[in-house]
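User: I would like to go through this protein with you, beginning with its overall build and then turning to its charged side chains. Please reason through each reply before you settle on a result.

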Amino acid sequence: MLRILLLLGLTQICAAQADITISVFMATSKSITVQWTKQSDAKFYKITATPMNSPETSVFAEFGENTVMGSVKFLSPNTVYRIQVEAMSNTFEVLSFANTEETTAPEVPSIEQAYSKQSDSITVEFTEVSGATSYILRAETDDGDFFSETCVASSPGTVVDLQPYTEYSLSVISVRSTRNCTDPVNPDDDYNKRRSQPSYPVQARTVVVAPRLNTTSPSNNTIFVSWSPVEHAVNYTLSIIRQGSDARHTHNITEHMMKFEGLEGGMTYCFKITAWDALGRAGDVFNACQITRPMSPDPVHTFMTQGRSVGLAVYWQDVQGAQNYTAWSSNGQNCSSGEQHCVIKPMECGQNQTVSVTAYNKAGPSRPSQPQDYITFPCPPERVWIEEHEAGSCRVMWTEVPLTERYVAYIKRDDGAENQCNTTTTTCQFDCVCGYTYLTTVFANNHAGSSPQGLVVNYTTIPCCPDDVSVELVSTETLEIMWSPVRGAELYETTATETDDVIHCNDTAPLCALSDLMCDTVYSVVVTPCSEIRGCNRTCSPHTHKTAPCSPKIVNVTQIDDSTVRVLITTPNTPNTNYTVSAVGRTDRHTCHTQSNSCDLTQLPCGMTYEVTAVATTAQGRSLPSYSIPLETGPCCPTSLNVTQVTQAMSNVSWSPGFGARSYITALTSPRGHAKCHTLDTHCQMGCIICGTNYSVSLEAISSTGHKSQCNYHGFSSSACCPTAVKLYRVSNNSMRVFWRSSGSSPTQKHTVDVYGAASNSTCTATNGRNSCDVQVRCGDVYTVVVAPVGWDGSKISFCPRRMYSVPCPGNNAGLVIFRGKRSVG
């Protein structure tokens with residue numbers, strides 16, 4: 001049974017082991033702190049620390065059910081312990097547990113001494129302990145404003161980044177870790193887990209700071225040293241030693257400056273200064289070096305150099321400590337070098353000056369050397385010019401140069417020709433040709449040599465006149481001028497005297513067009529070559545040419561007859577000018593020529609439109625055409641016209657179309673009256689016709705612009721008048737006599753009588769001016785009776801009125817014919 005219980009317990013513990021974990025949080029020399037995961041049914045936790053390699057007894061501690069971190073104390077330093085955490089029930093039953101091993105931190109070291117040799121650090125000497133891999137130096141101020149930890153591998157160690165002359169509390173902590181002080185920081189390492197407690201603190205103060213020296217060398221044998229006062233310093237120790245020497249001179253002073261005299265020129269001296277506090281402690285040490293100014297580089301020698309750039313070569317004595325040298329002339333020129341010579345370039349001409357040399361190093365310049373005199377070559381003439389007193393003869397002139405024995409003038413033409421003139425005067429004569437540029441320079445000479453090249457003077461002679469100018473008329477008011485380019489001309493001005501010498505062309509091309517000129521005018525054209533330097537040659541000859549004749553103006557166009565018009569024009573040109581007048585239509589053209597102011601255009605067809613222009617012609621050419629005048633001939637008359645009488649008082653007139661006509665006015669005229677109509681058609685009905693009258697027929701064709709043509713045709717005679725008062729009388733049983741009254745008929749006028757009945761028709765003709773006629777009828781019928789005159793061609797007039805009559809039989813109103821109705825037009 002006990003065996004079963006033990007197995008059951010072990011099974012429960014093993015199962016619980018998976019429910020709790022443990023890790024070490026920190027280990028000091030006397031304690032180990034661990035943390036664990038919480039067991040839900042645990043009532044308290046027990047931590048037991050058992051030394052692994054020591055006979056010491058185990059140490060344990062208990063914590064409540066809500067605690068997950070605890071420490072075991074009273075342990076031995078630098079000892080390996082087995083740490084076990086057990087989750088316990090109320091009945092002290094182990095619900096689960098976990099184990100780990102941890103070594104306590106090394107023993108607490110002790111500080112032997114702490115001292116400061118630098119104003120920003122304190123050195124600590126301490127006892128090293130077994131098991132420590134590194135140590136932490138802790139420094140802090142009493143007011144809590146400063147706290148720092150410095151990792152060191154062994155004793156002694158130094159705390160840095162401190163403040164000068166400040167009291168610090170220092171302690172040491174031993175550390176056992178897998179990381180060294182020089183290893184980079186890793187948050188996962190055990191550097192902060194195994195630390196001992198801090199040692200007993202000791203007090204130490206940093207020393208004062210060192211002064212910062214300012215050194216200068218005002219001369220080649222003195223150095224001045226100064227510094228600002230140092231806080232808490234009561235006196236200073238300043239030492240000086242020459243470079244390359246072991247001799248040291250030390251001075252204890254309370255001032256803040258000191259001057260050292262009697263030093264060697266161009267030599268470096270080093271200084272060391274330390275400040276002391278009231279306790280006699282030496283502070284930081286500051287070192288500085290200063291070189292004295294060099295000695296003067298005497299003596300100095302000079303001579304003039306030759307070549308493309310003349311200069312003054314200056315030589316001097318090398319001096320100790322000089323880094324470079326500068327030679328200064330009395331006129332302000334200089335040159336510098338690290339060697340024992342330099343050349344002052346360029347030298348000024350005609351000078352009598354001095355030169356001295358100064359040596360330099362970091363301390364400053366030496367005293368200048370003794371001045372050395374020198375003399376330079378002469379200067380070139382300040383002003384050179386050329387005068388041309390007459391064409392082809394030039395003279396170069398210049399101002400006089402002091403200390404000059406002779407002059408050489410060089411004259412070079414732009415085509416390569418060169419001339420030279422040697423003289424002791426200030427003028428030189430030479431031949432010059434138009435259109436060339438001459439380059440002139442003058443050199444002054446003395447026993448010291450030739451002057452530098454002076455001002456090069458450009459002189460350009462006047463450009464040459466062109467000799468092949470041609471003037472041509474290219475349009476009625478434009479002259480084209482052409483010529484060959486001439487030497488020396490950069491551009492050409494073309495003018496005409498008649499245009500007040502206005503420049504028409506200002507161009508580099510040998511071509512010009514004078515436009516907008518006056519017609520029928522002689523122009524005097526001048527081509528003037530110009531250059532930017534010399535201006536224009538105003539001596540060139542003119543060339544004349546006349547422009548084209550002026551355009552005439554059409555004053556009036558008058559219609560002479562159906563096919564002829566007279567054109568009146570102006571004659572604005574000189575005599576002996578020919579004028580041509582043209583009428584241009586769509587398909588034809590008509591012209592006439594004259595030297596006067598009028599011209600007739602003949603054989604113009606009807607119904608046409610033309611543009612009439614006039615052109616003048618002379619030996620110089622043709623003018624521009626005049627403004628055109630529209631010309632329209634009258635429309636053509638219709639080739640045929642026909643008049644047909646419709647009623648006794650109305651006729652119908654028709655005609656063929658007239659070319660160019662849009663409307664027509666037709667008139668029938670007689671002494672007894674007239675008829676007229678205005679229409680767009682080619683026919684017209686006309687009333688107010690008087691029967692038996694001869695009419696004259698005329699037609700007026702009118703164009704769309706109002707031009708008219710009068711057309712006359714053969715006469716027209718209206719038909720004879722229809723008879724009136726038509727009556728019927730019975731002559732016999734089957735015969736009726738028709739009576740009428742003629743209206744203006746001739747005595748020989750024939751008439752016809754037509755009787756139309758239901759059973760029969762009957763016709764009779766009355767001749768020789770008779771006004772009655774007998775016809776056969778049947779009684780008891782109704783008849784239509786028409787009495788009409790007969791035309792000259794035997795035709796019967798068809799528009800006379802019809803009348804209806806009723807013929808009764810005998811016994812009933814015998815002899816009486818009854819009128820049944822009014823007239824009607826059949």
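User: How many helices and strands does the protein have?

Analyst: This is a predicted model, and the counts that follow are read from its computed coordinates. In the protein, strands are accompanied by one helix. The count asked for is therefore one helix and 68 strands.

User: Is the protein spread out or compact, and what is its radius of gyration?

Analyst: The C-alpha atoms fill a box of roughly 200 × 140 × 45 Å along the principal axes. For 826 residues the globule rule gives 28 Å, and the protein lies well over that value, so it is more spread out than a compact globule. Its radius of gyration is 75 Å.

User: What share of the 826 residues is buried?

Analyst: A residue counts as buried when its relative accessible area is under 20%. The protein as a whole exposes about 44000 Å², of which carbon and sulfur atoms supply 50%. Of the 826 residues, the buried share is 44%.

User: Which residue forms a salt bridge with Glu 102, and are the two buried or exposed?

Analyst: The search of the whole structure finds 15 salt bridges, and in the one formed by Glu 102 the closest N and O atoms are 2.4 Å apart. Glu 102 lies in strand S7 and its partner in the loop between strand S13 and strand S14, so the pair ties together parts that are 92 residues apart in sequence. Glu 102 has a relative accessible area of 6% and the partner one of 13%, and because the cut-off for buried is under 20%, both values fall below it. The partner is Arg 194, and each of the two is buried.

User: Which residue is linked with Glu 102 and Arg 194 in a network of salt bridges?

Analyst: Side chains of opposite charge can pair when their charged atoms come close. Here Glu 102 and Arg 194 belong to a network of salt bridges that also takes in a further arginine. That residue is Arg 176.

User: How many residues apart are Arg 566 and Asp 600, which form a salt bridge?

Analyst: The closest N and O atoms of Arg 566 and Asp 600 are 2.8 Å apart. Arg 566 counts as partly exposed at 39% relative accessibility, and Asp 600 also counts as partly exposed, at 32%. Arg 566 sits in strand S47 and Asp 600 in strand S50, so that the pair links distant parts of the chain; their separation is 34 residues.

Conventions:
Residues numbered from 1 in each chain as written. Predicted model: local features only at pLDDT ≥ 70, side-chain atom pairs only at ≥ 80, totals over all residues. Heavy atoms only, no water. Salt bridge = Lys/Arg side-chain N within 4 Å of Asp/Glu carboxyl O. Helix = DSSP H or I, 4+ residues; strand = E, 2+ residues; numbered from the N terminus. Buried < 20%, exposed > 50% of the residue type's maximum accessible area, 1.4 Å probe, protein only. Rg over C-alpha atoms; globule rule 2.2 N^0.38 Å. Areas by Shrake-Rupley, 256 points an atom, 1.4 Å probe, with all protein chains shown as cover.
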